[in-house]
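Please open the model in your viewer and keep the sequence beside it. The tour below moves from one selection to the next and says what can be found at each stop.

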Amino acid sequence: MGSTVPWWGAGVFTLAGAALAFLGAQWQSWRTERAQRRRLSRDQKVTAYLLLIEAGRRLAVTAVWPTDDSSVGNPEDQLDSLTGLAEQVAFYGPPRVNAAVDTLLTTAARHRDTIVGIRADSKRAHGDGIDQRLRPKYEESVTALRGAVDDFVRTCRKDLEIEGRYRSISNHKNQEKSPYNDSRAGDS
């Protein structure tokens, strides 16, 4: 009779201990699931971002006068593909990535319009070249699209928390004449 705990106290302490153990296990399980969802989401973002980047770069190098009938030379099909990939990116991307996607889509549509316009307003020049009157417009369009792709890449790198300065490897030969070179020299 020397115990100071009432007869029902042992049951309460046992239940409280079991409840704390259960809540601790649930909390750990929730954290594990959350980390796994984050990892899967990041993997899906990386895949979607890279596919959209590649589609944008492919459209930028589309020949005005293709040498065959493949869809590689069809800017309409390429823009449709780019738009489909942009929808995937918009699903995973935060607002700043989606803003970069909007800019990329607008620039890509202008580039498609430039190619279609050149095809409608001129004829194939010597060596499948572009009419000299329209070449500056085309080159400006290509530069703008490459710049929009590079801006998208920079935004994605920030979203994925990738450290270091980004330098476009696929456009390195055009860096000297790109208007995007000076204004973004400090970007990481």
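In which helix is the place of V12? This is a predicted model, and in it V12 lies in helix α1, which covers residues 9-60. Select V12 and look at its surface: with a relative accessible area of 44%, V12 is partly exposed. Now add W7 and W8 to the selection, and you will have the three residues W7, W8 and V12 that make a nonpolar surface patch of about 430 Å².

**The whole chain**

Step back and colour the protein by secondary structure, which shows five helices and zero strands, so that reading from the N terminus on gives the order α-α-α-α-α. Then colour by accessibility: of the 188 residues of the protein, 34% count as buried, while the accessible surface comes to about 12300 Å², with 56% of that area belonging to carbon and sulfur atoms. If you display contacts with a separation of 6 or more, 72% of them join residues that are 24 or more positions apart.

**Along helix α1**

Stay with helix α1 and select S41, which has its place there and is partly exposed, with a relative accessible area of 25%. Add G93, and draw a distance between the two C-alpha atoms: S41 and G93 are 52 residues apart along the chain, yet these atoms are separated by 9.8 Å.

Next comes K45, which is also in helix α1; is K45 buried or exposed? Its relative accessible area is 14%, and because buried means under 20%, K45 counts as buried. To see what surrounds K45, select Y92, P94, D159 and L160, with which K45 is in contact once its neighbours within four places in sequence are left aside.

**The nonpolar cores**

Which residues have the most contacts inside the largest nonpolar core? They are L52, V89 and F152, and the core that holds them has 26 residues. Four helices each supply at least two residues of this core, namely α1, α2 (75-92), α3 (95-121) and α4 (135-159), and α1 gives the most, with seven residues.

Centre the view on F152 and show its partners: not counting residues up to four places away in sequence, F152 touches Y49, L52, I53, V89, V97, A100, V101 and L104. After that, select V64, I130, Y138 and V142, which are included in a second, separate core of eight residues.

**The loop after α4**

Move on to E161, whose place is in the loop between α4 and α5 (180-183). At 66% relative accessibility, E161 counts as exposed. Its backbone also deserves a look, since the phi angle of E161 is near 60°, a positive value in a residue other than glycine.

**Where to read with care**

Finally, colour the model by pLDDT: the mean for the protein is 80, and 77% of its residues reach 70 or more. Over residues 174-188, however, the pLDDT is below 50, although this stretch has 22 contacts in the model beyond near neighbours in sequence. Where pLDDT is low, the predicted coordinates should not be read in detail.

Key. Residues are numbered from 1 along each chain as its sequence is written. This is a predicted model: local features need pLDDT of at least 70, side-chain atom pairs count only at pLDDT 80 or more; totals for chains, interfaces and linings use all residues. Side-chain values use heavy atoms; hydrogens and water are left out. Patches are made of residues with over 30% relative accessible area and no salt bridge: like charges are joined within 9 Å, nonpolar side chains (Val, Leu, Ile, Met, Phe, Trp, Tyr) within 5 Å. Accessible areas come from the Shrake-Rupley method with a 1.4 Å probe; for residues, only the protein chains shown count as cover. A salt bridge is a side-chain nitrogen of Lys or Arg within 4 Å of a carboxyl oxygen of Asp or Glu. Buried means under 20% relative accessible area, exposed over 50%, partly exposed in between (1.4 Å probe, protein chains only). pLDDT is the predictor's confidence in each residue, from 0 to 100. Contact means heavy atoms within 4.5 Å. A nonpolar core is a set of buried Ala, Val, Leu, Ile, Met, Phe, Trp, Tyr and Cys residues joined through side-chain atoms within 4.5 Å.
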